[in-house]
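This report is meant for a reader who is meeting the structure for the first time. It takes up a few local features and then turns to the chain as a whole.

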Amino acid sequence: GALTCLFIVVFINPSLVLILIPLCIYRVTELMSELQWADYQVNKQFNLILFSQAGRYTLTSLTFILLSYTTQDLYLTLWGYAISGLIYVLIMDGRNIYNNIKSDNSPLNLFNCFKEFAPLSVGLTSMSIQNNGVRFFLGIFGGEYLLGLFSIAYQLFNMPYLLF
């Protein structure tokens, strides 16, 4: 997925690669957190999910809002967003993630992992392109104003579904 995104960004607008780096860091952080979330679910530790996920979302959102408002610098804002998420996951879930990795004695065979999870990866990449492709191309070709209007409308449309 990241290579596909990198290819698209380099092809359409190479200057956006610097934006892609903190977003990749945040996405890796998010994946680590989601794996830990799954472990909390298996162990029925639902309060830890609340602290882990809601805390990360709250901290990164506040960091993003504060930095974007005070600095008006997209690069600094995205780096703050990525780093705040990474620090939160390391503090909240780092010990559990480390212990899970340390206690896993099964050998890692990358070819088998790729073969087993490639369909899931293609499916998730397709979903991501479907969900975010419109925003990406609207931001590049339509400008910030249209992207903002679309994003607000999209969020308002999806908010009732979050309640269920």
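## A network of salt bridges

In this predicted model, the side chains of Arg27 and Glu30 meet in a salt bridge, with a distance of 2.5 Å from N to O. Because Arg27 and Glu30 are 3 residues apart in helix 2, about one helical turn separates them. The two partners are not equally covered: Arg27 counts as partly exposed because its relative accessibility is 39%, whereas Glu30, with a relative accessible area of 15%, is buried.

Glu30 also forms a salt bridge with Arg56, and here the closest N and O atoms are 3.9 Å apart. Since Glu30 lies in helix 2 and Arg56 in helix 3, this pair ties together parts that are 26 residues apart in sequence. Both Glu30 and Arg56 are buried. Through shared partners, the salt bridges join Arg27, Glu30 and Arg56 into one network, and the structure holds 2 salt bridges.

## Buried residues in helices 3 and 4

Val89, which lies in helix 4, has a relative accessible area of 1% and is therefore buried, the cut-off for that class being under 20%. When residues up to four places away in sequence are not counted, Val89 touches Thr29, Met32, Ser33, Arg56, Gly94 and Ile97, and this list includes Arg56, the residue that forms a salt bridge with Glu30. The C-alpha atoms of Val89 and Leu120, by contrast, are separated by 25 Å, the two residues being 31 apart along the chain.

Ser52 is found in helix 3, which covers residues 46-71, and with 1% relative accessibility Ser52 counts as buried. Leaving aside neighbours within four places in sequence, Ser52 is in contact with Ser33, Tyr40, Tyr88, Met92 and Asp93. Ser33 is thus listed among the contacts of Ser52 and also among those of Val89.

## A nonpolar patch on the surface

Leu18, Ile21, Tyr75, Trp79, Ile83, Ile87 and Ile91 make a nonpolar surface patch of about 670 Å². Helix 2 (17-42) and helix 4 (74-103) each supply at least two residues of this patch, and the largest share, 5 residues, comes from helix 4. One of the patch residues is Ile91, whose place is in helix 4; because its relative accessibility is 66%, Ile91 counts as exposed.

## The second largest pocket

The second largest pocket has a volume of about 320 Å³, and its lining is formed by Met32, Leu35, Gln36, Asp39, Ile97, Asn100, Ile101 and Asp104. Helix 2 and helix 4 each supply at least two residues of this lining, with helix 2 giving the most, 4 residues. Met32 and Ile97, both part of the lining, are also among the residues that Val89 touches.

## The chain as a whole

The secondary structure of the protein chain comes to 6 helices and 0 strands, and along its principal axes the C-alpha trace spans about 50 × 35 × 35 Å. Of the 164 residues of the chain, 18% count as buried. The chain exposes about 12100 Å², of which carbon and sulfur atoms supply 72%.

How much of the contact pattern joins residues at least 24 apart, among contacts between residues at least 6 apart in sequence? The share of such contacts in the protein chain is 58%.

Conventions:
Residues numbered from 1 in each chain as written. Predicted model: local features only at pLDDT ≥ 70, side-chain atom pairs only at ≥ 80, totals over all residues. Heavy atoms only, no water. Patch = residues over 30% accessible without salt bridge, like charges linked within 9 Å, V, L, I, M, F, W, Y side chains within 5 Å. Areas by Shrake-Rupley, 256 points an atom, 1.4 Å probe, with all protein chains shown as cover. Salt bridge = Lys/Arg side-chain N within 4 Å of Asp/Glu carboxyl O. Buried < 20%, exposed > 50% of the residue type's maximum accessible area, 1.4 Å probe, protein only. Contact = heavy atoms within 4.5 Å. 1 Å grid on protein atoms, 1.4 Å probe; cavity = no way out; pocket = protein on both sides within 12 Å on 5 of 7 lines; lining within 4 Å. Points joined across faces, edges and corners; volume = space filled by probe spheres on them.
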